[in-house]
Amino acid sequence: QRLLGLCLERTLAQLRGGMSAPGKRRIGGHFGAALGASTKRQRGGWRDEVDEEDSAAGKAANDEDSEEAILDPGTPLPSDEEEAAEEPKVQAEPAEEEVAESTEAQAVVPAKEETPVPANTGGEANTPVVFTLEVTVGKNQVGEMRVLLPLGLDSDVEQRLSALTPDGGSVDFITNKLCGFGGHPVPGQKEEEVQEGDGTQEMAAGLLPVEAPKALEPVANGFQSAGLHCCAGLLSAPRRGTGLALTLGADPTLDSSHRVLGPVLSGHRCFRRLEVLAPLSLEARPRVPVFLQVPKTEEEASRPVGLRVEPYKESTAPPFSEEADPADLPPEELIDLVDLELSGRDGEVADLKQTTFSRERQQGVDKVEEALNDLLQRLKNLNSLDDKMSGQRVWVEEGANRLLRVLK
């Protein structure tokens, strides 16, 4: 009875005075104390211990700040799971604030401005552009050629054209169908096996034939025929190797080893001079120095020469579309061409005289003699010449006759 009375008194004290923090962790509250008292009766001195605990509990009940105050059993504690669930909510608020701040920062960052493409770089890929080449024979500039690149100025073409500086761009060979320059391999030299390309870009630019092997006439764009290299006036490049080439006539055999870059829009005067300088014997190297170079302006005199290109309105055009070839050349042009041809034949005759007798030498002599006789016939067909032109014709005729005498 006394023990039950003590338990009731302790319970009433707890209700009146509240509980402290350490009391929250005491298992069972006052029931745990009662249980402990019942177990202590099994050993000696249990009454003194119970009395001391009761007196300490009474003091703690009266002192709210005491650590020995017992927790009120009517106020449940939050579990560990509930406390862990509340912590992310508190930490999530700053995260939302950081997201808002970062969104505002992104809105403040100015947009990058697009850098315009320089006008002399060819612009974007596959943009048709036109560039100019100067033709120099000996020390005299004879004219310019405008060349269209339907597929634009890519890195490969730009690298090839970079060799056509005022210090380079020499013609490597001239045949009756092709003129190679800028480091083009000379025909007849041992070359690596050339693999035929798939022609995807050529097809996109209208450079591939519609039908083959029919011999069709070139149509509007100058390329829709039985072969890519179907006519004169085309800029071409080896599929393997360096350099560039100009077609002086149709040559379908080049389709497997070369790719067409574009047509020459103007430059008949230059092409006529390349044709008369084509050697007829021994090697294909021209006996008169010929250069195809990128023009150099005054402001570029003290710095590296850059390729100047300009956009073109159309991606396809026939060769020499910007220039008409006159049916009858003026007498001044004819005499000038004959004089230039004689300069080349003079070098050939000198080489033939130094060559030992052979079938190849004899064939070269026959070809040169035939060309000289044809040249004399053209001069005789000139009529209505003034005194100046008549004097020039006589001078050129004498030069041709001299070469014929040397060959005999």
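**Exercise 1. Place Ser390 in this predicted model and describe its surroundings.**

Solution.
- Step 1: Locate the residue. Ser390 lies in helix α10.
- Step 2: Check its accessibility. Ser390 has a relative accessible area of 23%. Buried requires under 20% and exposed over 50%, so Ser390 is partly exposed.
- Step 3: Look for a polar partner. The Ser390 side chain reaches the backbone oxygen of Asp386 at 2.8 Å.
- Step 4: Look along the chain. Ile335 is 55 residues from Ser390 in sequence, yet their C-alpha atoms are 9.9 Å apart.

**Exercise 2. Work out which side of α9 is buried and what it packs against.**

Solution.
- Step 1: Get the helix dimensions. Helix α9 covers residues 359–380, 22 residues in total. From first C-alpha to last it reaches 32 Å, close to the expected 32 Å.
- Step 2: List the buried positions. These are Arg361, Gly364, Val365, Val368, Ala371, Leu372, Leu375, Leu376 and Leu379.
- Step 3: Map them around the axis. They span an arc of only 140°, so they sit on the same side of α9.
- Step 4: Turn to the other side. Arg359, Glu370 and Lys380 are exposed there.
- Step 5: Find the neighbours. The buried residues of α9 pack against α8 (331–353) and α10 (387–407).

**Exercise 3. Decide whether Cys231 is in a disulfide, and whether Cys231 is buried or exposed.**

Solution.
- Step 1: Find the nearest cysteine sulfur. That of Cys230 is 3.9 Å from the Cys231 sulfur.
- Step 2: Apply the cut-off. A disulfide needs sulfur atoms within 2.5 Å, so Cys231 is in none. The count for the model is zero disulfides.
- Step 3: Check accessibility. Cys231 is buried, with a relative accessible area of 15%.

How values were computed. Residues are numbered from 1 along each chain as its sequence is written. This is a predicted model: local features need pLDDT of at least 70, side-chain atom pairs count only at pLDDT 80 or more; totals for chains, interfaces and linings use all residues. Side-chain values use heavy atoms; hydrogens and water are left out. Helices (H or I, at least four residues) and strands (E, at least two) are DSSP runs, numbered from the N terminus. The expected span of a helix is 1.5 Å times one less than its number of residues. Buried means under 20% relative accessible area, exposed over 50%, partly exposed in between (1.4 Å probe, protein chains only). The arc is that of the directions from the helix axis to the C-beta atoms. Contact means heavy atoms within 4.5 Å. A polar contact is a pair of N or O atoms within 3.5 Å; within protein, one must be able to donate a hydrogen and the other to accept it, and residues adjacent in sequence count only if both atoms are side-chain atoms.
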